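Subject: Structure handover

Hello,

Please find the structure below. My notes on what was found in it follow after that.

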Amino acid sequence: MATVRRSRSDVEHTPAVTRQLQRWQALAGQHLAATVGGLFLLFVVLCSVAAPLLSPYDPIQIDIPQRLQAPSWPHLFGTDEFGRDLLTRVLYGGRPVLLTSFLSVLAAAVAGTAIGTLAGYLGGRVDNLLMRLIDVMLSFPAVLLAILIVAALGTGVPNAIIAVTFSLVPTFARVARALALSLTLEQFVVASHAIGASGPQIIWRHLLPNLLPPIIVQATAMLAIAVAFASALSFLGLGVEPPTPDWGLMVSEGQRLIYDALWVPFFPGLAITLTVLAVNFLGDGLRDRLDPTLRNR
Amino acid sequence: MRYLISRLLWLPVVLWAVASLTFLVLRLTPGDPMGQVANLIVDQAQIDRIRAEWGLDQPLWQQYLAFLGNLATGSMGVSMASGMPVSALLAQKMPPTIELALVSMLIATLIGVSAGVISATTRRRAVDFAARGLAVLGLSIPWFWIAIMLIFIFAVQLRWFPVGGRIGVGVDYTTITNFIFLDQLLTGNWAGLASALHHIALPALAIGLTTSGFVMRMTRSSMLEVLHREYVRSARSRGLPEHRVLWGHALRNAMLPVITLLGLQFGALLGGAVITELVFSWPGMGRMLLDGILRRDYAVVQGTVIFVAFFYVTANLAVDIFYHFLDPRLRES
């Protein structure tokens with residue numbers, strides 16, 4: 001249907017060859033964006049893992065004579081107010097953010113899928129109860145829910161992971177429930193019921209494998225949000241403790257230096273932006289591939 | 001109609017659940033709410049007396065009942081740090097945050113909707129790609145960072161806007177409701193109004209720019225959906241000028257999903273405002289919430305979170321109702 005609609009409107013001003021060309025360009029564009037996004041994300045992860053190998057400097061050791069040096073060859077990103085090499089700190093600083101966001105998306109995907117699948121498959125009272133609970137969690141603006149949980153548990157990476165996980169679970173549960181609900185009506189599930197397959201068998205063999213691709217796409221989209229939340233928490237001082245390098249914390253510590261050393265808050269923030277951008281490109285690309293109705297947009 | 005009534009009846013239940021969840025999360029914690037105060041007081045008897053005063057010596061369920069009872073009468077407890085009632089603190093700190101969120105939403109809507117329409121009508125041309133690229137960039141930039149960068153460019157370098165604060169130092173202004181725009185309008189204080197606008201521009205832009213990315217994407221896809229409908233073609237075939245077809249016929253119909261998104265984004269905006277406020281020393285709920293967390297001032301954290309969640313739930317309900325009035329098909333069913 002989408003094809004018919006599109007060609008009807010495009011016919012007026014574009015010749016067929018150009019149209020075909022445009023279609024290929026768009027397709028290549030999407031794959032390109034997703035590929036570049038994915039590769040860049042991999043690059044960011046590798047950089048933060050291999051930070052000690054990549055940099056000759058120590059991320060924590062104070063070196064006062066070197067303080068607030070502008071970007072130069074020995075210090076590509078300059079130095080901070082304690083004379084520490086900023087590039088080194090940006091390399092190390094991805095660790096808490098990436099750890100928090102990857103683990104919390106993983107945990108939220110597992111928990112949310114479990115809740116959503118159970119609700120969608122069992123239906124009735126269980127469904128009602130679980131979904132009302134999810135509704136209540138969604139009544140908090142997600143950032144606020146994360147802040148509330150950290151407020152209760154205290155600061156630090158493990159608590160930040162719990163906080164971000166909780167704020168992401170409702171979305172996964174909703175998506176998984178909708179998918180599970182539509183799958184239970186599919187013929188192969190109905191047939192499987194008819195030949196006497198048990199509930200767990202159906203969930204394990206039929207529902208979960210079919211849920212997985214859309215959940216992975218959802219997880220990529222949520223990863224962008226998780227990185228944003230994790231860095232917001234550390235910006236607020238609710239993540240790692242100084243002097244541990246961390247992107248959000250570095251922006252927060254550097255913000256009063258904008259008058260004379262803009263590079264201090266600039267580079268860690270740029271790192272967050274580029275990481276989220278890469279995740280968004282990857283997520284958009286994956287979503288377009290999975291959802292054919294969006295492909296021609 | 002029945003749907004609306006059920007939504008309205010559901011509202012108090014959600015509010016109760018939100019309040020209870022906030023209470024529980026904050027009480028089930030390992031930390032002692034007395035921790036901060038106990039550092040200042042050495043005498044155990046004194047600590048016990050304060051505990052009793054705040055009801056912390058009672059079993060959890062009694063504390064919960066007292067909390068619900070207080071909440072029902074509009075009392076949110078007393079701040080342990082300042083000794084002021086939380087409701088009074090909120091009345092003072094809530095208007096700046098809501099003002100900021102509303103102006104940000106206005107900016108996000110103006111930029112997002114226009115960019116979305118332009119992008120939909122230039123589909124797959126350079127303008128469209130550029131607009132979509134900017135939208136993804138916008139929604140990828142963290143609030144706090146774009147805020148700092150805007151301060152650097154427009155306040156430090158160009159000196160077009162002030163670095164922070166709500167209104168200029170030395171500008172006369174009156175406080176009635178503490179909604180600064182409303183107050184200046186009521187008193188006819190144009191200089192104060194101008195100064196307030198000047199001060200809100202940068203923080204609102206910081207939040208508005210990032211949010212406009214979401215609005216733009218939703219507007220674009222919704223416009224693309226609508227542009228192929230019969231009524232748009234028939235409007236064109238009747239010879240209406242293209243701009244009227246686009247901004248009148250098409251956009252009006254494309255706005256429904258956009259409005260839903262705006263309602264949902266309002267919560268994110270409030271969250272964003274809480275964070276952006278810190279950068280601009282905006283005297284709103286953000287600073288209060290963060291101080292409350294760091295000092296373990298539970299009444300303040302509890303009150304702020306519950307208030308924002310209440311506001312968010314009510315805003316979503318309002319959007320739902322508005323939606324029903326906009327779409328005649330939903331109104332009749």
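**The cavity in chain A**

The lining of the largest cavity is made up of seven nonpolar residues, four polar ones and one charged one. Please bear in mind throughout that this is a predicted model. The cavity search gave one cavity of 30 Å³ or more, and the space in the largest cavity is about 60 Å³. Rolling a probe the size of a water molecule over the atoms is what shows where such empty space is left.

The residues around the largest cavity are P96(A), V97(A), T100(A), G156(A), V157(A), A160(A), A230(A), L233(A), S234(A), G239(A), V240(A) and D246(A). Three helices of chain A, namely α4 (86-122), α7 (157-184) and α9 (199-235), each give at least two residues to this lining.

**Other points in chain A**

Helix α7 of chain A also holds R177(A), whose partner D127(A) sits in helix α5 (residues 124-138) of chain A. These two residues form a salt bridge, with 2.6 Å between the closest N and O atoms. The pair ties together distant parts of the chain, 50 residues apart. Over all chains, the structure has 13 salt bridges. Side chains of opposite charge can pair in this way when their charged atoms come close.

Between P242(A) and P243(A) there is a cis peptide bond, with omega at about 5 degrees. P243(A) belongs to the loop that runs between α9 and α10 (247-254) of chain A.

**Chain B**

What is chain B built from in terms of helices and strands? The answer is 14 helices and zero strands. A box of roughly 85 × 55 × 40 Å, taken along the principal axes, is filled by the C-alpha atoms of chain B.

One residue to look at is R124(B), which is not a glycine but has a positive phi, near 60 degrees. R124(B) is placed in the loop between α5 (86-121) and α6 of chain B. For background, most residues other than glycine have a negative phi, and most peptide bonds are trans.

**Where the two chains meet**

The contact involves 50 residues of chain B and 48 residues of chain A. About 4500 Å² of area is buried between the two chains, and carbon and sulfur atoms give 74% of that. On the side of chain B, the residues that lose the most area to chain A are R124(B), F144(B) and W145(B), which together account for 16% of what that side buries. R124(B) is thus both a residue with positive phi and one of the three that lose the most area.

How many salt bridges are counted between chain B and chain A? The count is one. D284(A) and R217(B) are joined in a salt bridge through their side chains, at 2.9 Å from N to O. Four residue pairs are in polar contact across the interface, with both residues at pLDDT 80 or more.

Several helices of chain B take part: α1 (2-27), α6 (126-140), α7 (143-157), α9 (190-226), α11 (242-279), α12 (285-294) and α13 (298-326) each supply at least two residues of the side that touches chain A. By type, the residues on that side of chain B are 36 nonpolar, six polar and eight charged.

Regards

How values were computed:
Residues are numbered from 1 along each chain as its sequence is written. Chains are lettered from A and ligands numbered from 1 in the order in which they are written. This is a predicted model: local features need pLDDT of at least 70, side-chain atom pairs count only at pLDDT 80 or more; totals for chains, interfaces and linings use all residues. Side-chain values use heavy atoms; hydrogens and water are left out. Contact means heavy atoms within 4.5 Å. Buried area is the accessible area (1.4 Å probe) that two parts lose on being put together, summed over both. A salt bridge is a side-chain nitrogen of Lys or Arg within 4 Å of a carboxyl oxygen of Asp or Glu. A polar contact is a pair of N or O atoms within 3.5 Å; within protein, one must be able to donate a hydrogen and the other to accept it, and residues adjacent in sequence count only if both atoms are side-chain atoms. Helices (H or I, at least four residues) and strands (E, at least two) are DSSP runs, numbered from the N terminus. Ala, Val, Leu, Ile, Met, Phe, Trp, Tyr, Cys and Pro count as nonpolar, Asp, Glu, Lys and Arg as charged, and the others, Gly among them, as polar. On a 1 Å grid over the protein atoms alone, a cavity is a set of points where a 1.4 Å probe fits but cannot get out, and a pocket is an open set with protein on both sides within 12 Å along at least five of seven lines; lining residues have an atom within 4 Å of a point. Grid points are joined across faces, edges and corners, and a volume is the space filled by probe spheres set on the points.
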